[in-house]
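Me: I've just opened this model and I'd like to talk through what its labels rest on. Can you take my questions one at a time?

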Amino acid sequence: MTERSVTTTTRDTRLTTDDFLDRLLAGDTTAVEEAVRKAAATEIMPRFRQLDAAEIVEKNGPHDLVTVADRAAETQLTAALTALLPGSVVVGEEAVHADPSIYEALKGDAPVWIVDPVDGTRQFVRGEAGFCTLVALARHGEILASWTYAPALEEFAVAVRGRGATLNGAPIRSGAPAPGAVLEVATSHPDYTTPDQKRALLGLRTEGVDPRPCGSAGLEYLAVARGELDGIAFSWEYAWDHAAGLLLVEEAGGTDLTVTGERFRIAGGNALPFTAARDAATADRIRSLLQAG
């Protein structure tokens, strides 16, 4: 069969991989948005502030938690997203924890859904509203579209490559910091940094910069995209934490740079730390400080 072969059994409603991607890149993101909202409504929000201790597990330490909500939401999203786009695969945080080889799909030819079912699990466990569901679609290493949904905050951000970024349906722009303003930068938790990365991040402790520990990575990216935060400086590269936000920031007018000045690659192998910022000048300033640190 060719790539445009029939992918459903009903002739009048047939949809191919290329058809789906064409619709998506034309701005039709409704089906994915509905899948994300459904997963949050059925698997995440009913457990918000209702978790038992037995439903919370440490993966790699006290700052790396997983709950039944994470696992159930990822399972539902995996089924829903691959049904929308036949031939696609899912790289989800919980699936990769169980089988690290799944991560290699980011280097393959198939369209890849990158899923973090509950980004900000610590906040979710504490009963705080600062968590979100992150979904991005990538192909051949390029992020095509992304969805950032914070159900407790009733905020839904969407970005499509070349078509801009929206929050609750309204366009958002990151803008630029006011001349001379102190830069507010969210940074990695010290537990997730090597000695070299710690030294790099110390470069931000200088006049004119106000660094602080990050919360949910997805919501920090959203804050940059809407111009409420000047930038981030992160030292880990798991695609599910960054893919959705990187495109959101880019489509809102910002950009990203690794410490050596290259763009971030979602398949990995990046020089760390890296930054995403409201505009190119701010990204380059943060990168320079990291490099000097």
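**Strands, helices and a small gap**

Reply: Sure, let's begin with a pair of strands: β7 (residues 155-160) and β8 (residues 164-167) run antiparallel to each other and share 4 bridges. Keep in mind that this is a predicted model.

Me: What makes β7 and β8 a pair?

Reply: Pairing takes at least two bridges between the strands. β7 and β8 have 4 bridges, so they count as a pair. One of the matches is V160 with G164, its bridge partner in β8.

Me: Which sheet do they sit in, and why are β3 and β9 called its edge strands?

Reply: The sheet is open, has 7 strands with mixed pairing, and follows the order β3-β4-β5-β6-β7-β8-β9. β3 (89-92) and β9 (170-171) each pair on one side only, and that is what the edge label refers to.

Me: What packs on that sheet?

Reply: Helix α1 (residues 17-25) does, touching β4 (112-119), β5 (132-139), β6 (142-150) and β7. Helix α2 (residues 30-44) packs on the sheet too, touching β4, β5, β6 and β7. The direction of α1 makes about 120° with that of β5, while the direction of α2 makes about 40° with that of β6.

Me: How do you know whether α7 and α8 are roughly parallel or roughly antiparallel?

Reply: Look at the angle: α7 (residues 217-225) and α8 (residues 239-252) pack at about 5°, with axes 9 Å apart. Angles under 35 degrees count as roughly parallel, so α7 is roughly parallel to α8.

Me: Which residues meet there, and what makes the contact nonpolar, polar or charged?

Reply: From α7 come A217, Y221, L222, V224 and A225, and they meet D241, H242, G245, L246, L248, V249 and A252 in α8. By class that gives 9 nonpolar, 2 polar and 1 charged residues. Gly counts as polar and Asp as charged.

Me: How about the other sheet, which strands are at its edges?

Reply: That open sheet has 5 strands in the order β11-β10-β12-β14-β13, with mixed pairing. Its edge strands are β11 (209-213) and β13, each pairing on one side only. On average, neighbouring strands there are turned by 20° against each other, direction ignored.

Me: How do you know that β12 and β14 are a pair?

Reply: The same cut-off of at least two bridges applies. β12 (residues 231-234) and β14 have 4 bridges in the antiparallel sense, so they qualify. A233, for instance, has T275 in β14 as its bridge partner. Helix α9 (residues 280-292) packs on this sheet, touching β10 (183-187), β11, β12, β13 and β14, and its direction makes about 155° with that of β14.

Me: How many cavities of 30 Å³ or more are there, and what lines the largest?

Reply: There is 1 cavity of 30 Å³ or more, and the largest has a volume of about 30 Å³. Its lining is A105, L106, G108, A110, V112, A138, R139, H140, G141 and I266. Those residues divide into 6 nonpolar, 3 polar and 1 charged.

Me: What makes H140 and P273 worth a look?

Reply: Most residues other than glycine have a negative phi, and most peptide bonds are trans. H140 is not a glycine, yet has a positive phi of about 55°; this residue is in the loop between β5 and β6. P273 is joined to L272 by a cis peptide bond, with omega about 5°, and P273 lies in the loop between β13 (255-258) and β14 (274-277).

Notes. Residues are numbered from 1 along each chain as its sequence is written. This is a predicted model: local features need pLDDT of at least 70, side-chain atom pairs count only at pLDDT 80 or more; totals for chains, interfaces and linings use all residues. Side-chain values use heavy atoms; hydrogens and water are left out. Axes are lines fitted to C-alpha atoms, for helices over the stretch in contact, and angles run from 0 to 180 degrees between N-to-C directions. Helices (H or I, at least four residues) and strands (E, at least two) are DSSP runs, numbered from the N terminus. Angles under 35 degrees count as roughly parallel, over 145 as roughly antiparallel, 65 to 115 as roughly perpendicular and the rest as oblique. Contact means heavy atoms within 4.5 Å. On a 1 Å grid over the protein atoms alone, a cavity is a set of points where a 1.4 Å probe fits but cannot get out, and a pocket is an open set with protein on both sides within 12 Å along at least five of seven lines; lining residues have an atom within 4 Å of a point. Grid points are joined across faces, edges and corners, and a volume is the space filled by probe spheres set on the points.
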